[in-house]
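This report describes one protein model, beginning with a single loop residue and then turning to the chain as a whole.

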Amino acid sequence: MAEMGSKGVTAGKIASNVQKKLTRAQEKVLQKLGKADETKDEQFEQCVQNFNKQLTEGTRLQKDLRTYLASVKAMHEASKKLNECLQEVYEPDWPGRDEANKIAENNDLLWLDYHQKLVDQALLTMDTYLGQFPDIKSRIAKRGRKLVDYDSARHHYESLQTAKKKDEAKIAKAEEELIKAQKVFEEMNVDLQEELPSLWNSRVGFYVNTFQSIAGLEENFHKEMSKLNQNLNDVLVSLEKQHGSNTFTVKAQPSDNAPAKGNKSPSPPPDGSPAATPEIRVNHEPEPPSSATAGASLPKSPSQPTESPAGSLPSREPSAAEGTFAVAWPSQTAEPGPAQPAEASEVAGGTHPAAGAQEPGETAASEAASSSLPAVVVETFSATVNGTVEGGSGGGRLDLPPGFMFKVQAQHDYVATDTDELQLKAGDVVLVIPFQNPEEQDEGWLMGVKESDWNQHKELEKCRGVFPENFTERVQ
């Protein structure tokens with residue numbers, strides 16, 4: 001019997017709630033049609049607008065703060081790896097090794113301390129600040145429902161009073177319901193009328209405290225980091241003084257894309273020194289066509305690379321249809337020697353000896369050089385084609401999402417903090433697409449879909465999301 005009673009109470013509550021919803025819906029329809037007046041409070045409506053604006057601003061600030069913290073963590077990891085690399089290459093017998101290791105440890109501790117203080121003094125405060133909004137938002141919605149109940153009870157009471165046949169019992173009951181609905185509404189309304197303006201005014205102090213904390217923490221962090229960097233610089237200066245007499249020479253390497261023909265190598269320089277790996281340089285000055293030089297071999301290679309007639313190489317890239325090629329032999333001694341005047345003038349002037357005047361000792365060099373020319377030309381032409389055709393807009397390709405703009409690659413891991421964000425790992429390629437509503441785009445955020453997800457699903461609605469632009473680098 002008790003169970004039946006419990007079920008009866010539950011059923012009664014359900015029926016009551018359904019009746020309330022029907023009454024509210026009917027009252028709303030009558031108000032929209034203009035057949036029933038609606039209680040208005042412009043001051044409260046302004047407070048609600050301020051509340052919604054404050055909630056939107058706070059949510060955005062929390063999102064950007066989490067992005068900032070993720071960036072700090074990524075920078076910490078990058079700094080840690082860089083210091084680990086320094087510790088590995090710093091040999092045990094070099095002076096200052098212990099100091100360098102200590103600086104690396106302090107650097108790591110400083111990053112950890114900075115991140116933790118940001119969490120404690122900024123992010124947790126931000127979470128506490130936003131934690132009060134859901135409750136107030138639900139109370140505002142409840143206040144709106146109670147206002148509809150009050151208007152409905154008021155209209156019902158007025159209709160009974162103006163009826164031709166007056167039923168005193170119904171009128172008394174309607175008046176009792178009206179007083180009850182008015183009391184519930186006014187209690188909620190008074191509380192919100194006091195809280196909403198106070199919450200709106202509190203935003204100034206909150207923003208001041210939050211950004212002051214962030215600015216102060218960042219200032220102290222950079223001061224301490226500056227001291228560590230200065231100490232590291234002093235250690236490296238000491239190392240340089242001890243090993244400053246040693247020289248570091250950078251030697252040019254040949255291109256891996258130039259194949260050898262018949263395993264032949266160019267002949268050594270005319271001075272009889274041993275053969276060495278040639279350095280391939282491109283002269284961008286166009287060569288005037290002539291029948292005398294059409295079948296000529298390359299000029300003699302000087303012992304040192306020479307400059308173009310203008311004194312320096314042009315900054316622009318060579319095109320696929322122009323440019324001459326010269327093979328320069330690096331010096332075989334540690335100390336550079338002067339180039340031979342006659343040979344240097346031939347390379348600088350861009351002249352070639354006639355085909356019939358080629359010396360026997362130059363045959364191997366000419367054949368090897370001529371065999372490498374097609375590879376260089378093909379490589380240059382391939383780069384040109386890739387830059388103009390393949391690197392162009394991908395709007396016409398069927399394997400890309402609609403509205404595709406360009407590709408980016410994630411440089412750091414990014415942990416999504418919302419359902420509309422992409423989870424990124426370093427190396428992920430993202431296809432960037434425009435926002436459906438440009439007004440929804442926040443500064444520093446892009447809309448896109450991971451290339452792997454797109455290739456697997458081909459469904460834009462399930463795969464797309466927003467991500468921070470500063471975690472990526474454009475690749476196409």
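Between which two helices does the loop that holds Lys458 lie? The model is predicted, and in it Lys458 sits in the loop that follows helix H8 (451-457) and precedes helix H9 (460-463). Although Lys458 is not a glycine, its phi is positive, at about 60°. Lys458 counts as partly exposed because its relative accessibility is 42%, a value that falls between the limits of 20% for buried and 50% for exposed residues.

Two cysteines can be set beside this lysine. Cys463, whose number is also the last in the range of helix H9 (460-463), counts as buried because its relative accessibility is 7%, whereas Cys85 counts as partly exposed at 41%. As for bonds between cysteines, the structure holds zero disulfides.

| Residue | Relative accessibility | Class |
|---|---|---|
| Lys458 | 42% | partly exposed |
| Cys85 | 41% | partly exposed |
| Cys463 | 7% | buried |

The wider setting of these residues is a protein chain of 476 residues, of which 30% are buried. Its secondary structure comprises nine helices and seven strands. Among the contacts in the protein chain with a separation of 6 or more, 78% join residues that are 24 or more positions apart. The protein chain exposes about 30,500 Å², and carbon and sulfur atoms contribute 54% of that area.

Technical notes:
Residues are numbered from 1 along each chain as its sequence is written. This is a predicted model: local features need pLDDT of at least 70, side-chain atom pairs count only at pLDDT 80 or more; totals for chains, interfaces and linings use all residues. Side-chain values use heavy atoms; hydrogens and water are left out. Helices (H or I, at least four residues) and strands (E, at least two) are DSSP runs, numbered from the N terminus. Buried means under 20% relative accessible area, exposed over 50%, partly exposed in between (1.4 Å probe, protein chains only). Contact means heavy atoms within 4.5 Å. Accessible areas come from the Shrake-Rupley method with a 1.4 Å probe; for residues, only the protein chains shown count as cover. A disulfide is a pair of cysteine sulfur atoms within 2.5 Å.
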